[in-house]
Amino acid sequence: MTRRKADAERTREAILDAAETTFLAQGVSRTTLAHIAQAAGVTRGAIYWHFEDKAALFDALLERVRIPLDEIVDDAVQQLGTAPVDCLRDIAQRSLAGICHDQPLQRAATIVLHRCEKLEDDHPRISMITRLSEHAEAGVEQLFEQVQQLGRLRADLSPASARRQFHGFLIGVCFDWLQDPHQYSLDADRNSIVETLMRGLLSE
């Protein structure tokens, strides 16, 4: 990489870091490119050199955070084989662990869940944080189908509804905890949270 390219890359990362900090502090809608430029110590022209507009900058910020949900689902199935309940428990555990320990993911999730006002609700990149991919959805639903075949899924649930409730419960936990991560230790409570989730979905 030439020195010019290296300098440009450092400037781009500094802009993204400043955007993350500013979005966290005052929300996406209330943040302007001028705010970000000031925080990054660059001109607005430097921002436009790298990003078409604030939406493009927001896209790039979330692109830096790799959400490995597909891998979490695939790994759980591969490692735990024919034990679908254990697979689902492992997926829930690892998803919550990611929010606890992956700081870039934690900041991005906070921005999406608590700093995106109504104006940004329909932004397509938000799905990177709050929704499962089609691949991950299919994998989780297949696990619930296997749980049903074993006679362990609650009788009033379909695999599809179980998958939706499984995901919604985890998003709700993350939403609540990210409002104030100091309110309690999500990491310490992970086991009991996941057990509450699983017991609500399984038959006696």
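1. Long-range contacts. In this predicted model, residues 24 or more positions apart account for 69% of the contacts in the chain with a separation of 6 or more. One such pair of residues is taken up in point 6.

2. Overall make-up. The secondary structure of the chain consists of eleven helices and zero strands. Read along the sequence, the pattern is therefore a run of α elements, with helices numbered from the N terminus. Of the 204 residues of the chain, 40% count as buried. The accessible surface comes to about 11200 Å², and carbon and sulfur atoms contribute 49% of that surface.

3. Helix 1. This helix covers residues 3–26. Its 24 residues, at 1.5 Å a residue, should span 34 Å, and the end C-alpha atoms are 34 Å apart, so the expected span and the modelled one agree. The buried residues of helix 1 are Ala6, Ile15, Leu16, Ala18, Ala19, Glu20, Thr22 and Phe23. Their cover includes helix 2 (33–40), helix 3 (44–50), helix 4 (54–63) and helix 7 (103–114). After helix 1 comes Gly27, with a positive phi near 90°.

4. Thr22. Is this residue of helix 1 buried or exposed? Thr22 has a relative accessible area of 8%; because buried means under 20%, Thr22 counts as buried. Its side chain reaches the backbone oxygen of Ala18 at 2.6 Å. Leaving aside neighbours within four places in sequence, Thr22 is in contact with Gly27, Thr31, His35 and Ala39. Of these partners, Gly27 has been met already as the residue that follows helix 1.

5. Helix 1 against helix 4. How do the axes of helix 1 and helix 4 cross? They come within 10 Å and cross at roughly 95°. That angle falls in the range of 65 to 115 degrees, so helix 1 is roughly perpendicular to helix 4. On the side of helix 1, the residues that meet helix 4 are Arg12, Ile15, Leu16, Ala19, Glu20 and Phe23. Helix 4 contributes Lys54, Leu57, Phe58, Ala60 and Leu61. Among the helix 1 residues in this pairing, Ile15, Leu16, Ala19, Glu20 and Phe23 are buried.

6. Ile99. This residue belongs to helix 6 (residues 84–101). With a relative accessible area of 9%, Ile99 is buried. Which residues does Ile99 touch, not counting residues up to four places away in sequence? They are Leu105, Gln106, Ala109, Cys174, Trp177, Leu178 and Leu186. For Cys174, the separation from Ile99 is 75 residues in sequence, while the C-alpha atoms are 7.4 Å apart in space.

7. Gln106. Helix 7 holds this residue. Gln106 counts as buried, at 13% relative accessibility. When neighbours within four places in sequence are left aside, its contacts are Ile99, Cys100, Trp177, Leu178 and Pro181. Trp177 and Leu178 also appear in the list of residues that Ile99 touches.

8. Asp53. This residue lies in the loop between helix 3 and helix 4. Its relative accessible area is 32%, and Asp53 is partly exposed. What lies 2.8 Å from a polar atom of the Asp53 side chain? It is the backbone nitrogen of Ala56. Asp53 and Thr32 are 21 residues apart along the chain, and their C-alpha atoms are separated by 10.0 Å.

Conventions: Residues are numbered from 1 along each chain as its sequence is written. This is a predicted model: local features need pLDDT of at least 70, side-chain atom pairs count only at pLDDT 80 or more; totals for chains, interfaces and linings use all residues. Side-chain values use heavy atoms; hydrogens and water are left out. Helices (H or I, at least four residues) and strands (E, at least two) are DSSP runs, numbered from the N terminus. Buried means under 20% relative accessible area, exposed over 50%, partly exposed in between (1.4 Å probe, protein chains only). A polar contact is a pair of N or O atoms within 3.5 Å; within protein, one must be able to donate a hydrogen and the other to accept it, and residues adjacent in sequence count only if both atoms are side-chain atoms. Contact means heavy atoms within 4.5 Å. The expected span of a helix is 1.5 Å times one less than its number of residues. Accessible areas come from the Shrake-Rupley method with a 1.4 Å probe; for residues, only the protein chains shown count as cover. Axes are lines fitted to C-alpha atoms, for helices over the stretch in contact, and angles run from 0 to 180 degrees between N-to-C directions. Angles under 35 degrees count as roughly parallel, over 145 as roughly antiparallel, 65 to 115 as roughly perpendicular and the rest as oblique.
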